[in-house]
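Please open the structure in your viewer and keep the sequence panel beside it. The stops below say what to select next and what is to be found there.

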Amino acid sequence: MCSTCGCNQPSDAVTITLIGEEQTTREQQGFSLDMQGDDPQPTRHFHPGHGRRHAAHHHHHLHGHTHGHHHHLHSHDDHDHGHDHHHGKTVVELEQDILQKNNLLAERNRGFFEARNVLALNLVSSPGSGKTSLLERTLAALKGELECFVIEGDQQTSNDANRIAATGAPVVQINTGKGCHLDSDMVNQAVKKLRPSESSLLFIENVGNLVCPSLFDLGEGARVVIISVTEGDDKPIKYPDMFFSSDLCIINKIDLLPYVQFDMEKAKDYARRVNHHLEFIELSATSGQGMEQWLDWLKRKRGEMNA
């Protein structure tokens, strides 16, 4: 369960499908979110835009102990000699536990990508920004030049994955059920089915949502947030966490600028207030305007891994 948004489903509600093969579930594959080891670790956050990882330090010292098979965390402020537990802290503790496990597996994913020289990009946006259209055009432009693989995240259907498969790129569909974001466990299992080759590009199209995906490190090498001119120029200050944790902001659908009220410089200014390291690319996935700048960025990031 994500305590930020309340999404909740059993693990077998998440399906991971290599397009062209029979669908399997995470339960059938025999894996869960449980990680190795019982000792709690500090919550770690990865901010690709700053190229660093850090541990979050809490004002209360957390103490862990085990009840049966369930790990329980509580602060000394909430712990008396009778082990009286305050239910008001349950959501906070659950969120922390989920993020700890997610970040541990994200590091494993990152290690795998680095070992195979795979550039993994986490594409995030709100619904309707044009992520899939941009990805289709990108795959067509890179065909024969760079080997590309795709993980598609949606709550339901394989519609977008089928569109990607039509480009010839290998693709795995993750359906999250009621979940509003991908996590590192889902990506880990999708990668096992996808088997990206060495020195390739891996595009991870996250579920359309500018809130919860910002909390979940997938092990990506960079995070790309995509907005469109039809959404309004104040998105960066409405959803600051996503823009803070991103490396690149793509502003899509610029072919529609004459028909909408969107101030390009204001949008960039708002984003820079949140993250002054953020890069920008203006383009139209429909007309192709600005696509060369995006393709050059991909090749530069790909080249940096070989430097």
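## A tour by selection

Begin by selecting Arg273, which counts as exposed, at 60% relative accessibility. Keep in mind throughout that the model is predicted.

Add Asp269 to the selection: Asp269 forms a salt bridge with Arg273, and the closest N and O atoms of the pair are 2.9 Å apart. Both residues belong to helix α7 (residues 264-274), where, being 4 residues apart, they are separated by about one helical turn. Asp269, for its part, is partly exposed, with a relative accessible area of 35%.

**The whole chain**

Now zoom out and colour by secondary structure, which shows 8 helices and 13 strands in the chain. Of its 307 residues, 49% count as buried, and the chain exposes about 14,800 Å², of which carbon and sulfur atoms supply 48%. If you list the contacts between residues at least 6 apart in sequence, 70% of them join residues at least 24 apart. A search of the whole structure finds 13 salt bridges, whereas the corresponding search for disulfides finds 0.

**Further salt bridges**

Side chains of opposite charge can pair when their charged atoms come close. Select Lys235 and Glu231, whose side chains meet in a salt bridge with an N to O distance of 2.5 Å. Are these two residues buried or exposed? Lys235 is buried, with a relative accessible area of 11%, and Glu231 is buried as well, with a relative accessible area of 18%.

Go next to helix α8 (residues 291-306), which holds both Glu304 and Lys301, 3 residues apart, or about one turn of the helix. Glu304 forms a salt bridge with Lys301, with the closest N and O atoms 3.6 Å apart. Glu304 is partly exposed, with a relative accessible area of 43%, while Lys301 counts as buried at 17% relative accessibility. Extend the selection to Glu279 and Arg300, because together with Lys301 and Glu304 they are linked in a network of salt bridges, each such bridge being a side-chain nitrogen of Lys or Arg within 4 Å of a carboxyl oxygen of Asp or Glu.

**An enclosed helix**

Select helix α4 (residues 184-194), in which 10 of the 11 residues are buried, so that the helix is largely enclosed by the rest of the structure. Among the buried residues of α4 are Met186, Val187, Val191 and Leu194, and also the polar or charged names Ser184, Asp185, Asn188, Gln189 and Lys193. At the N-terminal end, show the side chain of Asp183, which caps α4: a side-chain oxygen of Asp183 lies 3.0 Å from the backbone nitrogen of Asp185. Beyond the helix, α4 is followed by Arg195, whose phi is positive, near 55 degrees.

**An enclosed strand and its partners**

Move on to strand β10 (residues 201-205), where 5 of the 5 residues are buried, so this strand too is largely enclosed by the rest of the structure. Which residues point each way from β10? Leu201, Phe203 and Glu205 point one way and Leu202 and Ile204 the other way, and all are buried.

Now display the strands that pair with β10. Strand β7 (residues 119-125) pairs with β10 in the parallel sense over 5 bridges, and Ala120 stands opposite Leu202 of β10. Strand β8 (residues 148-154) also pairs with β10 in the parallel sense, over 5 bridges, and here the bridge partner of Cys148 is Leu201. Cys148 counts as buried, at 8% relative accessibility. While cysteines are in view, select Cys180 too, which counts as buried at 12% relative accessibility.

**Two loop residues with positive phi**

Most residues other than glycine have a negative phi. For the last stops, select Asn117, which lies in the loop between α1 (90-115) and β7; its phi is near 60 degrees, a positive value in a residue other than glycine. Asn117 counts as buried, at 16% relative accessibility.

Finally, select Lys253 in the loop between β12 (248-252) and α7, the helix that holds Asp269 and Arg273. Phi of Lys253 is near 65 degrees, again a positive value in a residue other than glycine, and at 22% relative accessibility Lys253 counts as partly exposed.

Methods: Residues are numbered from 1 along each chain as its sequence is written. This is a predicted model: local features need pLDDT of at least 70, side-chain atom pairs count only at pLDDT 80 or more; totals for chains, interfaces and linings use all residues. Side-chain values use heavy atoms; hydrogens and water are left out. Buried means under 20% relative accessible area, exposed over 50%, partly exposed in between (1.4 Å probe, protein chains only). Contact means heavy atoms within 4.5 Å. Accessible areas come from the Shrake-Rupley method with a 1.4 Å probe; for residues, only the protein chains shown count as cover. A disulfide is a pair of cysteine sulfur atoms within 2.5 Å. A polar contact is a pair of N or O atoms within 3.5 Å; within protein, one must be able to donate a hydrogen and the other to accept it, and residues adjacent in sequence count only if both atoms are side-chain atoms. Two strands pair if DSSP finds at least two bridges between them.
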